[in-house]
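Trainee: Hi, could you walk me through this structure? I'd like to get my bearings first.
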Amino acid sequence: MLLETNHTGRTSDAGILASGGLDTARYEVRGKIVTANEHTEAQWVAKMSAIAQNKDRSAFAEIFRHFAPRVKAFLIKSGADRSLAEDCMQDVMATLWHKAHLYDPSRASVATWIFTIARNRKIDLLRKYARPDPEHLPWGPEHEPNAADVIALQQDASRLAAALGKLPAKQRELIQHAYFGDLSHSEIADKTGLPLGTIKSRIRLALDRLRHSMG
Amino acid sequence: MCRTMRNEIRSYQKTRHMTHDVQHPVPDALLMGYATGALPQAFDLVLATHVSLCDDARARLETFEAIGGAVLEDMDVADIAEDSLDRTLALMDGMQPVAPPAPSSGTFPTPLQAIVGGDEDAVRWRSLGGGVKQSVLQSDKYGTARLLLIPAGRAMPPHSHRGTEMTLVLKGAFRDEDGVFARGDLEVADAAVNHQPIAEAGEDCICLVATDARLRFQSLLPRIAQPFLGI
């Protein structure tokens, strides 16, 4: 096991992720060897941390190279023309830089967090209003996410992405269209088997810990 | 028992009261609609406010956002402009950091305060008679969001709506045939529901109400959420 789960939920060993020192030989959680894909999720988390803590532009460039073309594609699929999608994507990525310190890796993968920024910007531009966001729940100055929670959440996110990829094409398209905001595809399908229950419990746990640290 | 552990338990007991126990969970389809950005503006306000008060709804919302993350990761990549990164770096340097909506200590959660322009005392009420007051916060062709104040022990004025109506309690409580709704509770009623909520005795009841009177909301919902993404 890489990290002891501390009952207080107040470990500060998230630095292991932040340092990028993910030694694959030690990268084993609860008896399970983490796959290459899950390793990637953890690396994105480390890069976000480098941006938040050190204003690391090379970490930003790596995140940009991977996510910018996906964000642009997402915006085009959502109805933006290519030029608007390009401008909007740049805006999303620049926002990521300025909000990096707000990213909570025990509640969202980097892809999920970027999705929420892109969605809000898309509503701004295509629907012309500022979508109200829920209150932000910050970690207090003495607390930060539990490292074991971070790893587990990132693994869950990786599994969810893999499960989406394995869905029959039609079901996958239905879900994609819902997220692109194309609602003409509102047919009813069978159960997808996406692993949503575990990820929900994980987020709930992270929220409980966050509430403790705020209390 | 070590001190840390005792503090932990105390802190846990304390936090249990920070967000309410869920009596009436918000339907998945609404949370998914909020996650995808498909809801009328008036409903977005109610959900942003509800999620601020209810961690269970927040966990479910963030789960739907996780699907969005998986969809983004799964995208075929688009070509980006050659100078895209340079232009983004320049944009970054010219941008002012924006503070996120921090937790509010007042009656109204932060997203609602942003629309009202303050807390409870900043509301510009208009009388509807019988002590009942309202304040329309936002209205467009897709829906209307308003604050409603019902004096303790009084009934909400009879009203009808063609589409969906969402009522979020911010202060006091009301009772109808579905039970008691207190701070943080959200009631979602469709046109078929004929209800007349009555404010509980002791405290005036303030609710945030959104209706999609002019357009039937059901046609807007990503209905696929309901039967097969149940979380």
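Mentor: Happy to; we'll look at chain B and then at one helix of chain A.
Mentor: This is a predicted model, where local features need pLDDT of at least 70 and side-chain atom pairs count only at pLDDT 80 or more, while totals for chains, interfaces and linings use all residues. Residues are numbered from 1 along each chain as its sequence is written, and chains are lettered from A and ligands numbered from 1 in the order in which they are written.

Trainee: How many helices and strands are in chain B?
Mentor: Chain B has 7 helices and 9 strands, taken as DSSP runs numbered from the N terminus (H or I, at least four residues, for helices; E, at least two, for strands).

Trainee: At what angle do H2(B) and H4(B) cross?
Mentor: Roughly 50°, with the axes of H2 (residues 28-36) and H4 (residues 55-73) of chain B coming within 9 Å. H2(B) and H4(B) are therefore oblique to each other (not under 35 degrees, over 145, or 65 to 115).

Trainee: And which residues make that contact?
Mentor: From H2(B), they are B:Leu31, B:Met32, B:Tyr34, B:Ala35 and B:Thr36, and among those from H4(B) are B:Leu61 and B:Phe64; contact puts C-beta atoms, placed from the backbone, within 7 Å.

Trainee: Switching chains, which residues of H7(A) are buried?
Mentor: A:Leu174, A:Ile175, A:Gln176, A:Ala178, A:Tyr179 and A:Phe180; buried is 20 or more other C-beta atoms within 10 Å of a residue's own, again placed from the backbone.

Trainee: What covers the buried residues of H7(A)?
Mentor: The cover includes H3 (57-77) and H6 (147-166) of chain A, together with H2 and H4 of chain B.

Trainee: What follows H7(A)?
Mentor: A:Gly181, with a positive phi near 85°.

Methods. Axes fitted to C-alpha atoms, helices over the stretch in contact; angles between N-to-C directions. Contact = placed C-beta atoms within 7 Å. Buried ≥ 20, exposed ≤ 12 C-beta atoms within 10 Å, placed from the backbone.
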